[in-house]
Amino acid sequence: MHLPGRHRSSATEELQIVAPSKLAIENVSKSFRGASGSVLALDRVSLNVAEAEFVCLVGASGCGKTTLLNIIAGLEKPDSGLVLADGKPVTGPGRERLVMFQEPALFPWLTVLGNVLFGLKLKPNLTSKDRRDVASYYLELVGLSRFERANIHELSGGMKQRVSLARALAPNPRVLLMDEPFAALDALTREQLYGDIQRIWKARRKTIVFVTHNVREAACLGDRVLLFAPHPGRIHEEFTVDLPRPRDINSVDLAAYATRITKALKSLGQPEAAVTG
Amino acid sequence: MKRFLLAAIFFAALVLIWEILFRVKIWSPVLLPSPGQVVTYLESAAADGTLAKATVITMRRLLVGYVIGLIMGLPLGLLTARWKLFHDTIGTLALGLQTLPSVCWVPLALLWFGQTETAMLFVVVMGTLWSVVIATETGVRNVPPIYRRAALTMGSKRFHIWFKVILPAALPFIVSGMKQGWAFAWRSLMAAEIFVTILTGFGLGQLLHYGRELNAMEQVIGIMIVIVVIGLLADKIFFSPIEKFLHRRWGTSQA
């Protein structure tokens, strides 16, 4: 499919930094029908995310933060309200806004390289060599160049999430949506990934919406931390984390932020929320 | 190499026991021929071409029917997995007919199609089809929804998702269904060939049948061995490499 007046983009062009999106979430409501009637997962939630901003959504399970992420991704439709990406309404999923899921949604029938190439193959105007170059670049970025021929089951949990990250970055989205991507990992691996994600965010300039139930993680990564309250799901409080980057998860300043957020979270009366680092 | 040697010793021992049983003459040599007699029969059958001809006829029936069964079964399985209506109708039918031993199709096929190749083909297709339908449906239903969601965000759409995500993800199930379908087809074809003489060609089952009619036990045993070897070869040449690939990629335990 060669469109007239539109030249083929090269790997170098493909690797250029695209402008990150500005997101506007306006009065989004969503309810689910469950066994015990209808549950209001999101109640008129409004939120603006600036270009290249890193926003963390924290809250107990069932407060609608993952639902909001899915709505921003276009994987779910809100009952009412609107999501705008750069002023245009989001009507469905698309590669401008890629999602990194909690469980690695990597495809076991493909190798590491095959997984990273999956999204690239859906981009027109690229030769297979360009795609390979782009995929190699991102595997290098997440530190897995040596494993491009590996099968998915041969990787550790942390490596799987690195591949997921490379796969999500490869089509060069404007927004990265991360749904508790590190929740299933051990503390040491997580700490490494906090460093990596900050470095990559700086290098690739993405707008990131990051869902977590780990307060310390949110304070470590986010420019802003939005605390969600459940029943119905809504934004309860907003914290701006004003700390220099790269941030260390174990720093004292960060702990102070985490304590403040945790206090607010506890005041909501949800003992089930994980507040440990 | 060690494994191969052990297996070789095992089969040599089997033949040896057979030979000893023959020599001590517990049973009449008419009922239990020696390994040598069976080999002599196989050699002569190979030399005059009967064996090759019968094998070709049987394999042609089997392969044509099997491929038809696959071509019909895969899309039907996808339909039953995708739409409730097909699941409730064709899915239920497949589930029911899969429990029917496929040799039960032989009388029906004979009445419908007479002593023709079509009857043979019909039996093989029925043996293959329902296993493949059910395996495909099960496979597709077991694909984690997150694969689809991940693919959607990367810009994958309907057909692309079906061919590049759902089908590959369901592959382990589909392959085991194909294997089961193969086994069913092979068994039902043998049964059909033993029961029915079809003038358009004598397959291995018919050779077996004539062995019985002529009281030629060395022929019966010889053909049985050929049938076993074909089954083994099909597994080693066709299914085993696919299963090895699946084990390697998916990381499931290697048999």
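Guide: The expected span of a helix is 1.5 Å times one less than its number of residues. Keep that in mind as we look at this predicted model.

Visitor: What makes the span of helix α4 of chain B agree with what it should be?

Guide: Helix α4 (residues 84–99) of chain B has 16 residues, so at 1.5 Å a residue it should span 22 Å, and its end C-alpha atoms are indeed 22 Å apart.

Visitor: Where does α4(B) bend?

Guide: At Ile90(B), by about 30 degrees. That bend is the angle between axes fitted to the seven residues ending there and the seven starting there.

Visitor: Which residues of α4(B) are called buried, and why?

Guide: They are Gly91(B), Ala94(B) and Gln98(B). A residue counts as buried if 20 or more other C-beta atoms lie within 10 Å of its own, so each of these three meets that cut-off. What they pack against is α3 (50–82) and α6 (117–141) of chain B.

Visitor: And how many residues does each chain bring to the contact between A and B?

Guide: Chain A gives 20 residues and chain B gives 16. On the chain A side, β6 (97–100) and α3 (112–121) each supply at least two. That side divides into 13 nonpolar, 4 polar and 3 charged residues.

Visitor: What are the domains of chain A?

Guide: Domain 1 is 19–96 + 175–277, and domain 2 is 108–172. Their contact takes 11 residues from domain 1 and 10 from domain 2. Helix α6 (residues 187–204) of chain A gives the largest share of the domain 1 side, 5 residues.

Terms used
Residues are numbered from 1 along each chain as its sequence is written. Chains are lettered from A and ligands numbered from 1 in the order in which they are written. This is a predicted model: local features need pLDDT of at least 70, side-chain atom pairs count only at pLDDT 80 or more; totals for chains, interfaces and linings use all residues. Two residues are in contact if their C-beta atoms, placed from the backbone, lie within 7 Å. Helices (H or I, at least four residues) and strands (E, at least two) are DSSP runs, numbered from the N terminus. Ala, Val, Leu, Ile, Met, Phe, Trp, Tyr, Cys and Pro count as nonpolar, Asp, Glu, Lys and Arg as charged, and the others, Gly among them, as polar. Domain bounds come from an automatic or database domain assignment. A residue is buried if 20 or more other C-beta atoms lie within 10 Å of its own, exposed if 12 or fewer, and partly exposed in between; C-beta atoms are placed from the backbone.
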